[in-house]
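Visitor: I would like to walk through this model with you. Shall we take the sheet, then the pockets?

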Amino acid sequence: RKVLTHRDIARMAEALERQGVRVIRMDVGEPDFRAPSVVVERAYQEMKAGKSRYTEPKGRQELREAIADYVKMKFGADVKADQVIATMGGAFGVYLALASTISPGDEVIVIDPSWPIYKSCIRYVGGRPIVLETRLEDNWEPNLDELNEKMSAATKAIILNYPSNPTGKALSKKTFKGIVEIAQDKKLTLISDEVYADYNFTGSGHNTVLNYPEVSYVLISSFSKSWGMTGFRVGFVISDLDRANKMAAIQSMLITCIPEFVQYAAIEALKCLDEAKRNLEVMKERAEAVCKALEPLPVSFYKPDGAMYVFPRIDVEGIDGSEFAVKLLEKKNVSVAPGGAFGNYFDYFRISLGQPKEALVEGVKRIGEFLSSMS
Ligand SMILES: Cc1ncc(COP(=O)(O)O)c(C=O)c1O
């Protein structure tokens, strides 16, 4: 079986676009929002003022203090600036977390469906991903007994990503706490990728690992999604001081630090609470519109609690997700990410909400036309 990744579909979509075809891009996990203008202005002004030099590897004290204040304000979490590292996006944070935790042969539990980078990064640092599958029928709820069964003497960490890419699932406080307790009991590190923390549609608040400082943890966060700052390449990690120092040493060796003027832009972004809130509202409205448009189609899906995706299963006999994504692109000029990219979910596809609502609704309409032509 040929499993295509969302990069494969993106490449095909880009090739069509170069031929002048207008494609409705629902494959890319990138919000269409522009960075707040004050953020852009600050980066520009600081660069002009000569703030384009090396900083300490963890990032400027001022930024790390601003991040510590921010997580205090948002989650009541008590962290010191020295526990914070400004990284090259959440993606580099994932690498730092794994590289500082995993030795060759160690196992890391990944809850599928999952962002594909986790497995490739675990393998890259010499570890072995151990997959805990979750199911649409269970509302994507991880089964903690099954989680316990996945443990071995070689298990060193669990990666969490809630709200989830690709399912949009957020965990209840009870389940989150249950996983924390398992990690504590087995002396594992919880690596919690919370880059979608600001996209929580439920109103019931985001569960963060920062509220459980008793467990060994690395929090991964990013400026990319909340403020439409993907190309600034800035995120942060927070952990206990020892691990933070270890991660800072790796960052120092590989990239020295992130650009100084970007660090100032990040300080400015942390003040843009209204923009983040507006982006959340827009994303929530898009999720609702897409779910409504999907309702009459021969698909089953979990209505997302957060993040910026919907992950439907195709309920038409004999359709494979990769083939579906390619044909949908060719026949209807709509691009989606095939479910197989996220694990053993070949009948699924992922819709990214990083487009205006009208485009998304039109895209779903075309998906419906395409599905009825196939059944
Ligand atoms: C779950 C998840 N984590 C981390 C990232 C990394 O984003 P960035 O490196 O831009 O912060 C992404 C981006 O798609 C993601 O979906």
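Visitor: Which strand does α4 run at about 165° to?

Guide: This is a predicted model. In it, α4 lies across β2, β3 (107-112), β5 (155-160), β6 (189-193), β7 and β8. The angle of about 165° is the one α4 makes with β7.

Visitor: Which strands does helix α8 touch, and with which does its direction make about 25°?

Guide: Helix α8 covers residues 241-255 and packs on the sheet. The strands it touches are β2, β6, β7 and β8. Its direction makes about 25° with that of β2.

Visitor: Which strands stand at the edges of the sheet, and why does each have one side without a neighbour?

Guide: The sheet is open, has mixed pairing and follows the order β2-β8-β7-β6-β5-β3-β4. Each edge strand has a single partner, so one side of it is left without a neighbour in the sheet. These strands are β2 (84-87) and β4 (128-133).

Visitor: By what angle are neighbouring strands of this sheet turned against each other on average?

Guide: The sheet in question has seven strands. Direction is ignored for this average. The value is 20°.

Visitor: In β8, what is the bridge partner of Ile220?

Guide: Strand β7 spans residues 216-222, and strand β8 spans residues 235-239. The two run antiparallel, joined by five bridges. For Ile220, the partner in β8 is Val237.

Visitor: Now the pockets. Which residues lie nearest the centre of the largest pocket?

Guide: The largest pocket has a volume of about 550 Å³. Its lining counts 24 residues. By class, these are nine nonpolar, nine polar and six charged. Nearest the centre lie His6, Gly29, Trp115, Tyr196 and Lys225.

Visitor: Which helices each supply at least two residues of that lining in the largest pocket?

Guide: The lining of the largest pocket draws at least three residues from each of domain 1 (6-29 + 274-374) and domain 2 (37-271). The helices that each supply at least two residues are α1 (6-18), α4 (89-99) and α5 (117-124).

Visitor: Which element gives the most to the lining of the second largest pocket?

Guide: The second largest pocket holds about 320 Å³ of space. It is lined by 14 residues, with Lys74, Ala197, Asp198, Asn200 and Leu280 closest to its centre. Two or more lining residues come from each of α3 (61-75) and α10 (273-294). The most, four residues, come from α10.

How values were computed: Residues numbered from 1 in each chain as written. Predicted model: local features only at pLDDT ≥ 70, side-chain atom pairs only at ≥ 80, totals over all residues. Heavy atoms only, no water. 1 Å grid on protein atoms, 1.4 Å probe; cavity = no way out; pocket = protein on both sides within 12 Å on 5 of 7 lines; lining within 4 Å. Points joined across faces, edges and corners; volume = space filled by probe spheres on them. Nonpolar A, V, L, I, M, F, W, Y, C, P; charged D, E, K, R; others polar. Domains from an automatic or database assignment. Pairing = 2+ DSSP bridges. Axes fitted to C-alpha atoms, helices over the stretch in contact; angles between N-to-C directions. Contact = heavy atoms within 4.5 Å.
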